[in-house]
Amino acid sequence: MKKVTALLMSLAMVASLVACGSPAASTAPAAEAPAAEAPAADEAAPADEASAAEAASGEKTDITMWCIAVESDSNRHSYEESIKDFEAAHPEINFTWEAIQNQDYKTKIKAAMAANEMPDIFYTWGGGFLKEYVDAGRVYCLDEAFAEHADQLPENMLVNHKFDGKLYASPNTFNVVGMFTNMELLKEAGYDKVPATYDELIDCCDKLVAKGIIPFGCSGKETWCVTEYLESIVEKSVGAQQMKDMYNGKAAWNNEDFINAVGIFQEMIDKEYFDPEGIALSDNEIKENYKAGKYAFYINGTWNCSDFVNAGMGDIVQVAEFPVINADKSKLGELVGGPNDSLAVSASSPNAELAAKCAFELSQGICHYGYLDGNGLPAWTPDYDTSALNPLTLAVVDIVQNSNATVLFGDNFLNADNANIYLDYVSQIYASAIDGKTFADGLDADLKH
């Protein structure tokens, strides 16, 4: 329990650093339309009273939800268990949900937002992704429903979901990018520990290639996976604050440190550190290859801890943060990630007040099961036994406890339009179609702040 208490204190500290320069306090454009707010108390009967009345009459209220917890998603089990608990507790609600693959979901939700044809509850990332829809008046304010959970959901976990002092989503978990390492493969290169410095990492990769072992596997089919590698390199080259300033438009992308970082990434590709087939593979295919021992490293979100433990790799895989490249600008403890994945409510929902209550209840359950499974650290204060946490999740706890800053994933930090521009350039970088200078100039010219 001491470890969990220390973790929560660390998460609060790191999350408070996320807020400095985060989209919640960014220079994003002013709202085109006011965001939806909770109706006054006299506009509708309280949700619990309405539910009781419906239960007595035998009528059910329909509540719908979209998310990304498809069958292959690490969080699938936590969603299924949370929904099972929710349905058992609420026979008065007819709850239906649909899971859509990550990349397809972003396209689907953008179109649905534009047409104002949303489900009652929807999965969202924090930061600029959510803020764009808040500014357009498409998201329901959760302040009233949050009041019932304020003692369970720390304020500092809400930094990427509050805008102008109002809360618009309930965070599920806190995740960062980790460098998952197959220690059996590293031993073949003469390493019995995860490389602690950048020079050691390069030396290790060179030795792995010489042994015919591919160091990294990365999906090019899902460009957000490429950002997990690239942003780790960039952050450990330019520093967390500089990275935030570039996302926020307060600093130019065309700077020597950023261009050098992109050059390092492309040099790794040129040196055959990456599986050349990866550019056409999905993240799930890459992950299966990693489980099969094809790659020594897999850099991705710490929500993957459960997948590797469940695959029987708990004694083989270790997780660490990416090493520092430029010690003059960055340091250990600067991570990519933060409180991000969450549930929000559509302003157009005919049962928005009830949906808000449902969203918090589901979010807390997803956090509960997700933390125990190893899909991320808790955004909600644990009130249950955590003594059986898997070793990879405990290693992530240590990483976060020793951290000092996080920068939200780039495609979530930015709004949807800017994220698409950013991802398009990242895709070109992975394909070696452009160089770092062209990438930097393009972002400076094309991103709108």
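Over the ring of which residue does the charged end of K106 sit? In this predicted model, the ring is that of W125, and the charged end of K106 lies 4.9 Å from its centre.

**Figure 1. Lysine side chains over tryptophan rings: K106 with W125 and K108 with W66.** The charged end of K106 is placed over the ring of W125, at 4.9 Å from the ring centre. K108 lies over the face of W66, where the distance to the ring centre is 4.6 Å.

**Figure 2. The largest pocket and its lining, formed by 31 residues.** The volume of this pocket is about 600 Å³. Of the lining residues, I68, D73, N102, W224 and W303 lie nearest the centre of the pocket. Two or more residues of the lining come from each of the elements α4 (102–115), β7 (173–182), α9 (223–238), α12 (283–291) and α16 (410–413). Helix α12 gives the most, with 3 residues. By residue class, the lining of the largest pocket comprises 9 nonpolar, 13 polar and 9 charged residues.

**Figure 3. The aromatic pair F180 and F308, one that links distant parts of the chain.** The model holds 30 aromatic pairs by the rule applied. A pair of aromatic rings is described by the distance between the centres and the angle between the planes. For F180 and F308, the ring centres are 5.0 Å apart and the planes stand at 65 degrees; the pair is edge-to-face because this angle is over 60 degrees. F180 belongs to strand β7 and F308 to helix α13 (residues 305–310), with their positions 128 residues apart in the numbering. F180 has 0% relative accessibility and therefore counts as buried. F308 likewise counts as buried, because its relative accessibility is 0%.

**Figure 4. The aromatic pair W253 and F258, within an aromatic cluster.** The ring centres of W253 and F258 are separated by 5.2 Å and the ring planes meet at 75 degrees, so this pair is edge-to-face. Both W253 and F258 are buried. The two residues belong to one aromatic cluster, whose other members are Y247, F413, Y422, Y425 and F439.

**Figure 5. The polar contact between K236 and E321.** K236 is located in helix α9. With a relative accessibility of 2%, K236 falls under the 20% limit and therefore counts as buried. The side chains of K236 and E321 are joined by a polar contact of 2.7 Å.

Notes: Residues numbered from 1 in each chain as written. Predicted model: local features only at pLDDT ≥ 70, side-chain atom pairs only at ≥ 80, totals over all residues. Heavy atoms only, no water. 1 Å grid on protein atoms, 1.4 Å probe; cavity = no way out; pocket = protein on both sides within 12 Å on 5 of 7 lines; lining within 4 Å. Points joined across faces, edges and corners; volume = space filled by probe spheres on them. Helix = DSSP H or I, 4+ residues; strand = E, 2+ residues; numbered from the N terminus. Nonpolar A, V, L, I, M, F, W, Y, C, P; charged D, E, K, R; others polar. Phe/Tyr/Trp six-rings, centres within 6.5 Å; stacked < 30°, edge-to-face > 60°. Buried < 20%, exposed > 50% of the residue type's maximum accessible area, 1.4 Å probe, protein only. Lys NZ or Arg CZ within 6 Å of the ring centre and 35° of its normal. Polar contact = N/O pair within 3.5 Å; in protein donor to acceptor, adjacent residues only side chain to side chain.
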